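Here is my note on the model you sent round. Please read it with the structure open.

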Amino acid sequence: MKRIGVLTSGGDCSGINATLKAIVEEAYKNNIRVTGFLEGYNGLVNDLAIELTPMQVSGILQRGGTILMTSRCEEFMQESGFNKALKTLKEEEIEGLIVIGGDGSLRGAKKLVEAGVLCVGIPESIDNDIYGTDMALGVDTALNIITNAIDIIRDTASSHKRAFVIETMGRESGYLALMSAMASGAEAVLIPEIDYDIDSIMQRLKLEHERGRKYSIIVIAEGVKKTQEVAEKLKVEAEFDTRLTILGHIQRGGNPSVFDRTLGMRMGIRAVQSIINKKSSVIGLQGNDLKNVPFDVVFSNKKVFNDMMLEFARLKSR
Ligand code: ADP
């Protein structure tokens, strides 16, 4: 094998650059050259190829974002765009492709495999909603950022009967909200996966405040789409001095945590080895081991919370 390709697609997160560095270094160790395609699938469709050498990936390990840039590419989803992507892979003499991306990007990778391309996916998504991996790349850094932010918000809590409503990212997934609520000792959490009872939460918080609690923290996943409503209810009906914080894009940036750096590097090395071994698959972290999970398995299953997480969610959502 002489040359492999790599692209980063969809929503970005921290840890991608560490992964790219590991990919290039592992490839060079095996005398394989690496082409980077810029802007996700757009780089395949429009042949935006650059040479990635160990020199170019030096000093990027600790940086957030992705040096290859990312995008959402509608054209790749059309037949004509997809065929242009296949043509680029042929012309650039790419013998195997590594796709670093979220659910949508990995679906794109699955289509490439079905078209005969040797392709390995690295799951990257702060939503942690990809089946087959306990943790996707970027989740840990996002969780650390959120938990830090909640700690800071908590530090400012001084007045009595104050409610802090904090919205986390995660699209349809409540993983970030649930885990950060757990890690920061929030009094309530609302996630899309679990039925919640806002009135019952308010009654509980009121009771706790009557017993002496000074302030409450309520974490809401964006997928619930009720953040403003809950904040308003707490203010008007329960008469809490309510503060609303939508954390937004700070959750995607920042230097990657040690966990994401090492996860990305391990996944990157495994991806190159999988390409060499001609194993089209998604790299999944299961327990402490990396596995090659078939694309079909990833997309025919749904990731669910374990019993302990579900019990915590139920307890805190009413
Ligand atoms: P993420 O990878 O973070 O989930 P998106 O869902 O926006 O982000 O997907 C990123 C890109 O992957 C899309 O812009 C498109 O180019 C490609 N993609 C997404 N879904 C599919 C699909 N079902 N088939 C082929 N390509 C897809």
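The points below go from the whole chain to single sites.

1. Status of the model. This is a predicted model. Every value in this note is therefore computed from predicted coordinates, and local features rest on a pLDDT of at least 70.

2. Overall build. The protein chain has eleven helices and eleven strands. Its C-alpha trace spans about 70 × 35 × 35 Å along the principal axes. The radius of gyration is 22 Å, which agrees with the value near 20 Å that a compact globule of 318 residues would have. Of the 318 residues, 48% are buried. Among contacts with a separation of 6 or more, 75% join residues 24 or more positions apart.

3. Domains. The domain assignment splits the protein chain in two: domain 1 takes 3-138 + 256-300, and domain 2 takes 140-252. Domain 1 is thus written as two segments, with the residues of domain 2 falling between them in sequence. The centres of the two domains, taken over C-alpha atoms, are 35 Å apart.

4. Where the domains meet. Contact between them involves 15 residues of domain 1 and twelve residues of domain 2. On the domain 1 side, the touching residues comprise five nonpolar, six polar and four charged ones.

5. Annotated binding site. An unreviewed UniProt entry gives G11, R72, C73, G102, D103, G104 and S105 as "binding site". These residues span 95 residues in sequence, but no two of their C-alpha atoms are more than 14.0 Å apart, so they gather at one spot.

6. C73 and G104. Two of the annotated residues can be looked at singly, C73 and G104. C73 sits in the loop between β3 (49-52) and α3 (79-91). It is buried because 23 C-beta neighbours lie inside 10 Å, and 20 are enough for that class. Setting aside residues up to four places away in sequence, C73 touches G40, Y41, N42 and V45. G104 belongs to helix α4 (residues 103-114). With 17 other C-beta atoms within 10 Å, G104 is partly exposed.

7. Ligand shell. Which residues come nearest to the ligand? Of the 17 around it, they are G10, G102, G104, S105 and G108. G102, G104 and S105 also appear in the UniProt "binding site" annotation. Helix α4 supplies the largest share of the shell, six residues. By class, the shell holds four nonpolar, nine polar and four charged residues.

8. Annotated active site. D127 is listed by UniProt, again in an unreviewed entry, under "active site". Its place is in the loop between β5 (119-123) and α5 (139-155). Is D127 buried or exposed? It counts as buried, with 24 C-beta neighbours inside 10 Å. Beyond its neighbours within four places in sequence, D127 is in contact with G170, R171, S173 and Y175.

9. V34. This residue lies in strand β2 (residues 33-37). V34 is buried, since 25 other C-beta atoms are within 10 Å. Leaving out neighbours within four places in sequence, its contacts are I4, V6, I23, V24, A27 and L52. For one of these, V24, the C-alpha atom is 6.4 Å from that of V34, although the two are ten residues apart along the chain.

Conventions: Residues are numbered from 1 along each chain as its sequence is written. This is a predicted model: local features need pLDDT of at least 70, side-chain atom pairs count only at pLDDT 80 or more; totals for chains, interfaces and linings use all residues. Domain bounds come from an automatic or database domain assignment. Two residues are in contact if their C-beta atoms, placed from the backbone, lie within 7 Å. Ala, Val, Leu, Ile, Met, Phe, Trp, Tyr, Cys and Pro count as nonpolar, Asp, Glu, Lys and Arg as charged, and the others, Gly among them, as polar. UniProt positions are given in the numbering used here, feature names are shortened, and annotations may be inferred rather than shown by experiment. Helices (H or I, at least four residues) and strands (E, at least two) are DSSP runs, numbered from the N terminus. A residue is buried if 20 or more other C-beta atoms lie within 10 Å of its own, exposed if 12 or fewer, and partly exposed in between; C-beta atoms are placed from the backbone. A residue is near a molecule or strand if its C-beta atom, placed from the backbone, lies within 6 Å of it. The radius of gyration is taken over C-alpha atoms; the globule rule is 2.2 Å times the number of residues to the power 0.38.
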